[in-house]
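Work through the three exercises below with the sequence and the structure at hand. Try each task before reading its solution.

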Amino acid sequence: MYFAGPAEAQNGENHAEQRMERIATLKGKQCDAMPPDPRFAGSPGETRAFRFYRQMLSIRRFEETLLDLFDRGLLNGTTHCCIGQEANCVAVMEHLREEDHVFSNHRCHGHYLARTWDALGLLAEIMGKEAGICGGLGGSQHICAPGFKSNGVQGGIVPVAAGIAMAKRLRGIDALSVVFVGDGTLGEGVVYETLNIASLWQLPLLVVCENNEWSQSTPRQSNMWGDVRERFTAFGLPVHEIATTDVLQIDQAAEEAVAAARKASSPRALLIHTYRLCHHSKNDDNRPPQEVEGRWKEEPLVVHGERISSEDRERIRQEVDEAIEELVSSARSLT
Amino acid sequence: MIYARTLNDTLGRIIDADSRVVILGEDIEDPYGGAFKVTRGLSSGFPGRVRNTPISEGAIVGVAAGLAMEGFRPIVEIMFGDFVTLCFDQIVNHVTKFQAMYDNRVTCPVIVRTPSGGGRGYGPTHSQSLEKHFLGVPHLTTVAASAFHSPQQIFEKVLSQDAPVLHVEHKLLYPLPMATAETVSSQGLIFEQLGDGDALTTIAIRPVHREECRVTVVAYGYQATQAADVVLQLAMEEELFVELLVPAQIAPVDLEPLEASVAVTGSVVTVEEGTSGWAWGTEIAHQMVSRLYGQMRKAPIVLCSERSIIPSERRRESEMLVNPSKMKRAIREAAQ
């Protein structure tokens, strides 16, 4: 995987202070992400299986913490969690390089964390702190860090990501522009304008489509005619398709898609059929409870957790929980 | 030299001088060279950097946004101003948002050029001046081309800044010769650049000293050329003296020169080709009244085209659009 900064162990106690120093020196300039906390990100020495489990659990705990903070009235605004989709985040980022660019959407926390592991910057941002990634102006959906951006409007990020791909091409930089969309976003016309341009100009663009079956409260069958895959093949994008929540399988599909896109330097789609376990944003879930319950039995942590001993799972859980606790207290101490 | 040729030369010079410049648009490559021939010759001179796009205005501006955030200076041609509606999401929710909402961690200096305006009989969807819908967009600079402002200076200025820009070009400007201090003076009018000679400064045109003028007229784009003719005619035929102010940057507009003029003349007429209601002129009128309440002789007059579609048929189009006879009537009223 790509580590955003020096990977040496960082104690959460120091993070708040370090972040304030970083903000002070980088005010108005391109901001580096904080060095990742190995309790969230794992360390290069850790096995891939352990690291994936730790990373997915970190994203899960981070978002559960957000929902808890909202319930306690400590956060303002709204949020869109990716609970159930964490495997996609970590598996795709595993294969990206520093020079690649990721454009994410309203459901961006998992993507951002897996890309940078700047958990403190993200939590501070969502808390509206000046020390947040975007000074607290962007909040949950509007994030910008080196190699990563997100925006909350559906569809419009796809041409912007294509423009970033074109910039890499014009500069002669061998890098990918990756954009994450959901199945609901496939209702937006500008997506198809862009798929056409990306193929026509052979832009190094990887579209990762996370089909989580529901756009907000509407099932896919009510929103979309035909097959998801054909939306991409119609414009000449080869599709790497997988229907699973198993991080190792998604890891393999992502590896193939990323490698193929790099090799051909042309657009590709990675289509992941997945499921969102949480509500769309906050307290807005009208889906049949029995459907959601069934999916909890095959969620990424359960599926991948079977490969790890209960002792190791418990150890990782304790480390992540401890790091989350420190994270919240660090973030709350920021201005 | 006519405006279209001057603009063509400008684009050629800036793409030659600045390797960050990329030009995108529909049908802009040679031999066609754009629907109004503004990009003629550029794709031959700079292949790959001047690129035809599919008919996908939203995606074109989106691609430009990505290029701009990566350090390029994309210039997008939207073939008709009527089609900027198809870029509205990109301009409002992406291009103009990025720098501000990402707390200055990026800039997104996209330039969108678009031929606009009526008078050619192109009818309801190929004749509009839709810039009023963009004037209030935060972090967007809107510039109106005019025969009085050098496109070379404007584009050099815009490229030296980081703000996203909407550059509206009235179609009837394209065949007009550029107006300079010399050409204006040769008609017997005083030509003055207000401010520090900046490319985006306001131009003042008047037959006599400001102190002898009864009305301030504020106009941009092609209407500025029409208004300059009206200023001359009213002076010659009716001894009615009027000062015309022509800003290049229409939003945010520099209010200081306007206020200074209206404070002396005591009345203001704003002129634009967009339809009436919630117009450029209503904001200027509000600002003038706020600044000069009690000092103005007359309430501001906001002159626009009628609030309707633009007819294709010549006579009805001309009646619907703002025109010199409507300007004269408004100015006479303001002069009372």
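**Exercise 1.** Find which residues have the most contacts inside the largest nonpolar core of this predicted model.

Solution. The largest nonpolar core has 211 residues. Those with the most contacts inside it are F62(A), F103(A) and F232(A), together with F98(B) and V269(B). Next, take F62(A) and leave aside its neighbours within four places in sequence. F62(A) is then in contact with L113(A), A119(A), L122(A), L123(A), I126(A), I324(A) and L327(A). Another core, of eight residues, lies apart from the largest one; W214(A), L277(A), C278(A) and V292(A) are among its members.

**Exercise 2.** Describe how helix α3 and helix α4 of chain A pack, and decide how their directions are related.

Solution. Start with the geometry: α3(A), residues 48-71, and α4(A), residues 86-93, have axes 9 Å apart and an angle of about 130 degrees between them. Roughly perpendicular ends at 115 degrees and roughly antiparallel starts over 145, so this angle makes α3(A) oblique to α4(A). The crossing is right-handed. Finally, list the residues in contact: α3(A) contributes F52(A), Q55(A), M56(A), I59(A) and R60(A), and α4(A) contributes E86(A), A87(A), C89(A) and V90(A).

**Exercise 3.** How many disulfides does the structure hold, and why does C108(A) not bond to C82(A)?

Solution. Over all chains the count is zero. A disulfide needs two cysteine sulfur atoms within 2.5 Å. The closest cysteine sulfur to that of C108(A) belongs to C82(A) and is 9.1 Å away, so it is too far for a bond. Now check burial, for which the relative accessible area must be under 20%. C108(A), at 0%, is buried, and C213(B), at 4%, is buried as well.

Notes. Residues are numbered from 1 along each chain as its sequence is written. Chains are lettered from A and ligands numbered from 1 in the order in which they are written. This is a predicted model: local features need pLDDT of at least 70, side-chain atom pairs count only at pLDDT 80 or more; totals for chains, interfaces and linings use all residues. Side-chain values use heavy atoms; hydrogens and water are left out. Buried means under 20% relative accessible area, exposed over 50%, partly exposed in between (1.4 Å probe, protein chains only). A nonpolar core is a set of buried Ala, Val, Leu, Ile, Met, Phe, Trp, Tyr and Cys residues joined through side-chain atoms within 4.5 Å. Contact means heavy atoms within 4.5 Å. Axes are lines fitted to C-alpha atoms, for helices over the stretch in contact, and angles run from 0 to 180 degrees between N-to-C directions. Helices (H or I, at least four residues) and strands (E, at least two) are DSSP runs, numbered from the N terminus. Angles under 35 degrees count as roughly parallel, over 145 as roughly antiparallel, 65 to 115 as roughly perpendicular and the rest as oblique. A crossing is left-handed if the near helix is turned anticlockwise from the far one by less than a right angle, and right-handed if clockwise.
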